[in-house]
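Student: Hi! I have just opened this one and could use a guide. Can we go through it together?

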Amino acid sequence: MLGALVDLLLPRRCAACGVGERLLCATCRTALVLLTGPRCERCGAPTAWPVERCAECSGRRLPFRTARAAVAYDGPARVLVAAWKERGLRVLAAEAAELVADVVPRPAAVALTFVPGDRERILWRGVNTAQALAEALGERWELPVLSLLERARRTPRQRGLPRGARRANVRNAFSAAAAAPPAAAVIDDVYTTGATVGAAATELRRAGAREIHVVTFARAVRR
């Protein structure tokens, strides 16, 4: 009853294009590039054929076992993430989780955790997208969601920074809030260079995790 009243007073529109009556209209959903093709076994980057390590991650020491994402961070996906993060559209977590669950296999983990958000930004936005996605995926995958990490310090935005600067920006940015299980999956909204989830995975290792998988809604695809 309440939901119907809210929909009547504030009719839903597609978060990507602003038309239609769904949070993600059929046209924009079709325009999303699903990452279902061949990929790098380690970092999940799309490749011409399956490889164990790709040019993007070869030679790098990655603290996680695998990284997977549902869609390419391009076109409607960029607009969706912006609406989700900057406008605090909490209901988009369910849409994102549905896409992730359709594309990404359930990780070999006993629990999910998430990249902790900056407190001031969460208060401004009203949502930590990583936590919201983790909770929605936890329901679908029937895995507990644990708050294993916290912010050790505030970091400037990653947007626009080159890869090396991104790593430096988030180095030691997180600390353990609890002991980690042996196998965990860390959830975030977007994988760009892997710097943020890498820093989170490093701290999970210090907290006791031995196998860490990364799952995100979207990832940047280098062309």
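Tutor: Happy to! Let's begin with H213, which is buried, with a relative accessible area of 7%. Keep in mind that this is a predicted model.

Student: Okay, where does H213 lie?

Tutor: H213 lies in strand β6.

Student: And what does H213 touch?

Tutor: Leaving out residues up to four places away in sequence, H213 touches R65, T66, P107, A108, A184, A185 and V186. There is also a polar contact of 2.7 Å between the side chains of H213 and E211.

Student: Is β6 as a whole enclosed or open?

Tutor: β6 covers residues 211–219, and eight of its nine residues are buried, so the strand is largely enclosed by the rest of the structure.

Student: Which strands pair with β6?

Tutor: Strand β1 (residues 66–72) pairs with β6 in the parallel sense, over six bridges. Strand β5 (residues 183–191) also pairs with β6 in the parallel sense, over eight bridges.

Student: Can you give me some residues to look for in those pairings?

Tutor: Sure. For β1, R68 stands opposite V215 in β6, and A72 has R219 of β6 as its bridge partner. On the β5 side, look for V190, which stands opposite A218 in β6.

Student: How many residues of β1 are buried?

Tutor: Seven of its seven residues, so β1 is mostly covered.

Student: Back to β5 for a second. What do β5 and β6 make with helix α8?

Tutor: β5, helix α8 (residues 195–206) and β6 make a right-handed β-α-β unit.

Student: How far does α8 reach?

Tutor: From its first C-alpha to its last, α8 reaches 17 Å. That is close to the 16 Å expected for its 12 residues at 1.5 Å a residue.

Student: And which residues of α8 are buried?

Tutor: α8 is mostly covered, with nine of its 12 residues buried. They are A195, T196, V197, G198, A199, A200, A201, E203 and L204.

Student: What follows α8?

Tutor: G208 follows α8, and its phi is positive, near 120°.

Student: Where else is there a positive phi, in a residue other than glycine?

Tutor: Look at E142, whose phi is near 55°. In general, most residues other than glycine have a negative phi. E142 lies in the loop between α6 (129–141) and β3 (149–151).

Student: Is E142 buried or exposed?

Tutor: E142 counts as exposed, because its relative accessibility is 69% and the cut-off for exposed is over 50%.

Student: New topic: salt bridges. How many are there?

Tutor: A search of the whole structure finds seven salt bridges. One of them joins the side chains of R219 and E56, at 2.7 Å from N to O. R219 lies in strand β6 and E56 in the loop between α2 and β1, so this pair ties together parts that are 163 residues apart in sequence.

Student: Are R219 and E56 buried or exposed?

Tutor: R219 counts as buried at 2% relative accessibility. E56 is buried too, with a relative accessible area of 12%.

Student: You mentioned R68 earlier. Which residue does R68 meet in a salt bridge?

Tutor: The side chain of R68 meets that of E41, at 3.5 Å from N to O. R68 lies in strand β1 and E41 in the loop between α2 and β1, so the pair ties together parts 27 residues apart in sequence. R68 counts as buried at 13% relative accessibility, whereas E41 is partly exposed, with a relative accessible area of 36%.

Student: What about a salt bridge between helices?

Tutor: Try D102 and R29, whose side chains meet in a salt bridge of 3.8 Å, N to O. D102 is in helix α4 (residues 92–103) and R29 in helix α2 (residues 26–31), so the pair links distant parts of the chain, 73 residues apart.

Student: Is D102 buried or exposed?

Tutor: D102 counts as exposed, at 58% relative accessibility. Its partner R29 counts as partly exposed, at 26%.

Student: Which residues are linked with these two in a network?

Tutor: E95 and E98: together with R29 and D102 they are linked in a network of salt bridges.

Key: Residues are numbered from 1 along each chain as its sequence is written. This is a predicted model: local features need pLDDT of at least 70, side-chain atom pairs count only at pLDDT 80 or more; totals for chains, interfaces and linings use all residues. Side-chain values use heavy atoms; hydrogens and water are left out. Helices (H or I, at least four residues) and strands (E, at least two) are DSSP runs, numbered from the N terminus. Buried means under 20% relative accessible area, exposed over 50%, partly exposed in between (1.4 Å probe, protein chains only). Two strands pair if DSSP finds at least two bridges between them. A crossover is right-handed if, with the strands pointing away from the viewer, the path from the first strand over the helix to the second runs clockwise. A salt bridge is a side-chain nitrogen of Lys or Arg within 4 Å of a carboxyl oxygen of Asp or Glu. The expected span of a helix is 1.5 Å times one less than its number of residues. A polar contact is a pair of N or O atoms within 3.5 Å; within protein, one must be able to donate a hydrogen and the other to accept it, and residues adjacent in sequence count only if both atoms are side-chain atoms. Contact means heavy atoms within 4.5 Å.
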